[in-house]
Amino acid sequence: MNPIPEYPKKRFIELEDKPLFDNLFKKYPPVISEFSFVTLFAWRCSYQFAVSTLEDYIIISFIENDVLKILDPIGETNSKKKDIILKCFSLQPKNNIIKFTALPEDTITLFRGTTQFIIKEDRNDFDYVYLTKDLTELKGKGFDSKRNFIRRFKNSYPFTYKKLTNNDIKKCISFMDEWCLLKDCQHKDGLSKERKAIKYMLENFEYLNIKSGIIEIDAKIIAVSMGEALNSETFVVHIEKANSNFIGIYQAINQMFCESEASGYKYINREQDLGVPGLRKAKESYHPFKMIKKYTLSLKD
């Protein structure tokens with residue numbers, strides 16, 4: 001592993017950084033979906049995620065629209081973390097715009113009541129968290145339509161659900177290529193970036209220790225879902241893609257994957273909706289148990 005420079009110097013995140021982040025996230029269990037090495041590594045090229053040290057904290061940053069954005073410093077959440085954040089602001093040149101992003105409630109609490117900062121809820125970035133039993137059992141009137149779609153899928157198609165293995169990687173990449181052609185990914189910035197991230201996940205599937213399930217019909221993949229443990233109580237679903245020509249396929253891969261891989265966890269985090277109306281409606285339709293609020297923090301002019 002290459003040495004990590006001291007902030008404000010930085011270097012890009014590398015695959016070899018995995019043991020470092022695994023240890024950090026074990027010591028400081030994350031609650032937000034961004035704090036997963038899979039996420040940081042897979043999206044590193046699209047967002048140029050970089051890593052620095054500052055005292056005994058790890059700083060993750062990236063540049064977006066000429067703004068230096070910094071994630072929650074990884075370390076103890078106490079008055080020292082507040083000092084670290086203040087130091088990040090002070091170490092940057094005056095003409096550089098800095099914004100802390102995806103900050104959880106615990107960190108924002110350190111800045112409540114201060115007058116020099118602007119604190120904003122970022123609703124589009126809130127994580128949706130569900131009770132695992134709700135997504136696996138789908139009990140009650142609120143899940144009637146989900147159960148009906150799954151029943152229709154099971155009765156209509158001769159499918160197979162199984163865990164993804166190394167032997168399936170090439171087929172899975174081909175499935176994603178076909179999915180992206182249908183969705184015109186190359187002309188949609190968000191989907192184009194996601195396509196790259198998924199490819200990195202698949203190409204490093206075993207080393208990243210990703211859990212994944214696929215649905216096949218006639219040995220052809222028609223749906224895939226990928227995720228991992230976020231903390232001891234929570235499983236996070238990073239990716240869920242399916243061929244929507246098969247009625248009920250999304251409801252089926254959701255339920256089957258959660259039942260197969262997340263049954264040992266109390267909660268399932270299905271990440272954010274990014275402000276996309278259709279995605280928000282879909283996530284809300286599964287009746288989240290709670291939302292993980294996230295905030296931005298910036299200096300007043």
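Ser 61 sits in strand 3, which covers residues 57–64. This is a predicted model, and two of its residues, together with one sheet, make a friendly way in. With a relative accessibility of 1%, Ser 61 counts as buried, because the cut-off for that word is under 20%.

**Around Ser 61**
- Leaving aside residues up to four places away in sequence, Ser 61 touches Lys 10, Gln 48, Phe 49 and Ala 50.
- Leu 68, Lys 69 and Ile 70 are also among the residues that Ser 61 touches.

**The sheet**
- Seven strands make up an open sheet, and their order is 1-2-3-4-5-14-6.
- The pairing in this sheet is mixed.
- Strand 1 (11–12) and strand 6 (117–121) stand at the edges with a single partner strand each, so one side of each has no neighbour in the sheet.
- In general, strands of a sheet pair through backbone hydrogen bonds, in a parallel or an antiparallel way.
- Strand 2 (residues 50–54) and strand 3 run antiparallel and are joined by five bridges.
- Ser 52 has Ile 59, in strand 3, as its bridge partner.

**Around Phe 175**
- Turning to a helix, you will find Phe 175 in helix 8, which spans residues 169–183.
- Phe 175 is buried, since its relative accessible area is 6%.
- Not counting residues up to four places away in sequence, Phe 175 touches Ile 221, Ile 222, Ala 223 and Val 224.
- Phe 175 also touches Lys 241, Ala 242 and Asn 243.
- Phe 175 and Ala 242 are 67 residues apart along the chain, and 8.9 Å separates their C-alpha atoms.

Notes: Residues numbered from 1 in each chain as written. Predicted model: local features only at pLDDT ≥ 70, side-chain atom pairs only at ≥ 80, totals over all residues. Heavy atoms only, no water. Helix = DSSP H or I, 4+ residues; strand = E, 2+ residues; numbered from the N terminus. Buried < 20%, exposed > 50% of the residue type's maximum accessible area, 1.4 Å probe, protein only. Contact = heavy atoms within 4.5 Å. Pairing = 2+ DSSP bridges.
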